[in-house]
Amino acid sequence: MSSSRWAGAITKATHDQWALARRGQAAHIDQLTSGTTTLRHRLSLPIGEKGTQRAAGGYRSRGEWFHKSRRLAALTDRHATVVADREAGRVRVARGGRKLANTRHNLATAQLTEHEWRQRWQAARWFLAADGESGKRFGNETIRVTPGGEVSIRLPAPLTHLANAQHGRYVLAARVTFVHRGEEWRDRIEGSRAVAYRIHYEVQRGRWYLTASWQRPVVQLVPLAVARARGMIGVDTNADHFAAYRLDSHGNPTGEPHRVRYDLSGDAEHRDAQIRHAVTRLLHWAKQVGVAAIGIEDLDFTAEKTRERHGRRKRFRQLISGMPTGRLKARLVSMAAEQGLGVVAVDPGYTSRWGAQHWQRPLATPRRQTTRRDAASVAIGRRALGYLIRRRTTPPRHHQSDGVGHRTVQAAPDTRGRDGTRPPATDQPTTGLSPNGTRKRGPSTPNTVRGVPVQLTFTD
């Protein structure tokens, strides 16, 4: 008895939950596979054998070896169970969230009563969402929002007797405003382009919220030469800040280092807002200095943050787990496209080490302390521009000029042999002759005793 729009909204919400669970299941299988592979390798090595930079060594004692063998058995059994569920197409979905469902068994720890928990559980399971439709009035036929903020809902057929407007629509008493991207939203609905809406209830504040979303256009790819024409901003991603440095088109750092700090503690909404604000400040600075692209590291710690790989380095595992690499790249690419900026992703290998080796001390001044992160951002920017990270030092004073002019510190990327030493000058003769063929000076007579000619006289 319902319309196809409402049936599609319910079906799509269920399908999205199932698809999200399938993706999480695949990621969980990959993590278990990586852990079991590392454990088998380390268990096969002799006890106490040292590892290399490519792989970890053996375990330090028989006790640790025994506990890791038990963990391998547990992970192997867990891996087999998850693989069987995936092959059968079975996923676990908790509408309202598994975290909130588990809170029901720990109400005292969460400082909640059963009634308060029940309110949050019901609110988390409620949803009223409708996808946008291009060509329809204001971009959505089911949930319509006018430029003035009036919200109306197209009721299903069994509920049309509750309508307070024409054509079976129910108009809400409250009006809505969009502070963030309000102008962009207004441009879309006035052009009748698709806008999706979701209405949800916040129990803690006792308020209803309406969220609008739309799909942005596909990011246009630009030639790499165009992106490098006006220089680059190298960005080093850290757990609590972005370290950025501006480089000109020749790979030389200019200006002062720039830092954008953020706080990734708290819930997911707070972390997402912190990333959005940090990326916004970074893009505004890039537009201000006039560059055309931003260079970042192509980081991915999906399979690199397990304790099987990094052992007992808990602080390091917490550090890389807190770095929003995947979300940062997606957010930076989408937001940079709207600002007309390009994003160049480079290999992150040895950027911090080589940046500190070649750029930390040269960039330091009596009034400016250059950190290791600032030097890493310079290394990232140079790699994005196509230059080597190592800087060319100035030659000695008597070798700074030759027959073709003054020697520069920086060579072009296509210069052959730019990393080698300059050959000796060949425009001057190697002998003592002048250019006109005459000798500059005559041979001098040695003034040493050994070199004086001796005259011998013979007598009868």
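Trainee: Which residues does Val346 touch, leaving aside residues up to four places away in sequence?

Mentor: Val346 touches Ile296, Glu297, Asp298, Ile380, Arg383 and Ala384. Please bear in mind that this is a predicted model. Val346 belongs to strand S11, residues 342–346.

Trainee: Is Val346 buried or exposed?

Mentor: Val346 counts as buried because its relative accessibility is 8%, and the cut-off for buried is under 20%.

Trainee: How should one read the buried residues of helix H6?

Mentor: An α-helix has 3.6 residues a turn, so residues three or four places apart point the same way. In H6, residues 182–190, the buried residues are Gly182, Trp185, Arg188 and Ile189. Viewed down the axis of H6, these fall within an arc of 125°, so they line one face of the helix. They pack against strands S2, S5 and S6. The face turned away from the buried side carries the exposed residues Glu183 and Glu190.

Trainee: What does Glu183 pair with in a salt bridge?

Mentor: Side chains of opposite charge can pair when their charged atoms come close. Here Glu183 forms a salt bridge with Arg186, at 3.7 Å from N to O. The two residues are three apart in H6, and therefore separated by about one helical turn.

Trainee: Which parts of the chain does the salt bridge between Arg259 and Asp374 link?

Mentor: In this salt bridge, the closest N and O atoms are 2.4 Å apart. The pair links distant parts of the chain, with Arg259 in strand S9 and Asp374 in helix H14, 115 residues apart. Arg259 is partly exposed at 33% relative accessibility, whereas Asp374 is buried at 0%.

How values were computed
Residues are numbered from 1 along each chain as its sequence is written. This is a predicted model: local features need pLDDT of at least 70, side-chain atom pairs count only at pLDDT 80 or more; totals for chains, interfaces and linings use all residues. Side-chain values use heavy atoms; hydrogens and water are left out. Buried means under 20% relative accessible area, exposed over 50%, partly exposed in between (1.4 Å probe, protein chains only). Helices (H or I, at least four residues) and strands (E, at least two) are DSSP runs, numbered from the N terminus. The arc is that of the directions from the helix axis to the C-beta atoms. Contact means heavy atoms within 4.5 Å. A salt bridge is a side-chain nitrogen of Lys or Arg within 4 Å of a carboxyl oxygen of Asp or Glu.
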